[in-house]
Amino acid sequence: MGRVTERRKVIRIRDGAVSARPDTLVAEEPLEIRLNGKPLAITMRTPGDDFALAAGFLVSEGVLGAADELRNIVYCAGATVDGSNTYNVVDVQTAPGVVIPDITLERNVYTTSSCGLCGKASLDAVRTTARWAIDDTGTSAGSAASAASAAGPMRLEPELLAALPDRLRAAQRVFDRTGGLHAAALFSEDGELLDVREDVGRHNAVDKLVGRALQNDALPLSRTILMVSGRASFELAQKAVMAGIPVLAAVSAPSSLAVDLAAETGLTLVGFLRGSSMNIYAGDHRIALRTAASLG
């Protein structure tokens, strides 16, 4: 199976001095996802947590929503001449009776590469396939923070959000060696780190988080915070909504369509979360703003 990192020779120039040395790079390999034996999508990913990635991808596509809908995930023989297993092809087998939605090629391309469907069509697609409304007061047994549901709606202090990027960074083990991975972390409303995944693609990192939650029968992820490195694209907002996550925070900017989706679904969307500064683009009712003047 592919490794998370690989070594390559690099020529380094530091203050005019030239040297040759090995460097640690993040591995990137294709993963083909098949659904009940039929090819569905290909994504470039960092090997590891492949089954969770495939499961999370299918949650975002509206195929899966509960652990009992998943029968099995296996590695398949690859596309090599001798038919050997490359560990780059997985087949997701759904349980009997699970209805498979019509997933078109255009939808697959859009989901894996952030292009294709756009505008109102994208918003409609999420609206019609989302299994749960964004809920921060529910008592779902699948919620990672369901014990706190009796406390009422989520109310997050800006200081708690401001601490999350450093907590995410501290949990990035592979990034420390390569500097080349995105990360996604799931936090409780109290700022407790629940899970963290890394991948060359930020959407894959989120899929790995959501897929692990599905496998642990923890969906929907109500009363949780999804923290991502980089920007907040529509695709990431979509994945948060499909997993029932009420808060998405990113260290960089959101896209306009991500803001539109957040506003329509009730998702709290925070961008440019750096130090004590942040921008709240939607769902500010969950943020404990101290004075009305701060909104001016």
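## Two parallel strands as a way in

Let's start with strand 9 (residues 224–228) and strand 10 (residues 247–250), which run parallel and are joined by four bridges. One pairing to look for is Leu226, whose bridge partner in strand 10 is Leu248. Please keep in mind that you are looking at a predicted model.

These two strands belong to an open sheet of six, ordered 8-7-9-10-11-12, with mixed pairing. Strand 8 (193–199) and strand 12 (277–282) are the edge strands, each pairing on one side only. On average, neighbouring strands in this sheet are turned by 20° against each other, direction ignored.

## The four-stranded sheet

A further open sheet has four strands in the order 4-3-6-5, again with mixed pairing. Its edges are strand 4 (38–45) and strand 5 (70–75); each has a single partner strand, so one side of each is left without a neighbour in the sheet.

Within this sheet, strand 3 (residues 29–35) and strand 4 run antiparallel, joined by seven bridges. Here Leu31 stands opposite Thr43 of strand 4. Helix 6 packs on this sheet, where it touches strand 4 and strand 5, and its direction makes about 125° with that of strand 4.

## Helix 6 and the six-stranded sheet

Helix 6 (residues 202–215) also has a place on the six-stranded sheet: it lies across strand 7 (182–188), strand 8 and strand 9. Its direction there is at about 140° to strand 8.

## Salt bridges

The whole structure holds ten salt bridges. One of them pairs Arg45 with Glu29, with 3.9 Å between the closest N and O atoms. Arg45 sits in strand 4 and Glu29 in strand 3, 16 residues apart. Are these two residues buried or exposed? Arg45 is buried, at a relative accessible area of 0%, and Glu29 counts as buried at 16%.

Another pair is Arg131 and Glu69, whose closest N and O atoms are 2.8 Å apart. Arg131 lies in the loop between helix 3 (119–129) and helix 4 (158–170), and Glu69 in the loop between helix 1 (50–60) and strand 5, so the pair ties together parts 62 residues apart in sequence. Arg131 is partly exposed at 36% relative accessibility, whereas Glu69 is buried at 17%.

Glu189 and Arg223 form a salt bridge too, with their closest N and O atoms 2.7 Å apart. Glu189 is in the loop between strand 7 and strand 8, and Arg223 in the loop between helix 6 and strand 9, 34 residues apart. Both Glu189 and Arg223 are buried. Finally, Asp49, Asp195, Arg197 and Arg212 are joined into one network by salt bridges that share partners.

Key:
Residues numbered from 1 in each chain as written. Predicted model: local features only at pLDDT ≥ 70, side-chain atom pairs only at ≥ 80, totals over all residues. Heavy atoms only, no water. Pairing = 2+ DSSP bridges. Axes fitted to C-alpha atoms, helices over the stretch in contact; angles between N-to-C directions. Contact = heavy atoms within 4.5 Å. Salt bridge = Lys/Arg side-chain N within 4 Å of Asp/Glu carboxyl O. Buried < 20%, exposed > 50% of the residue type's maximum accessible area, 1.4 Å probe, protein only.
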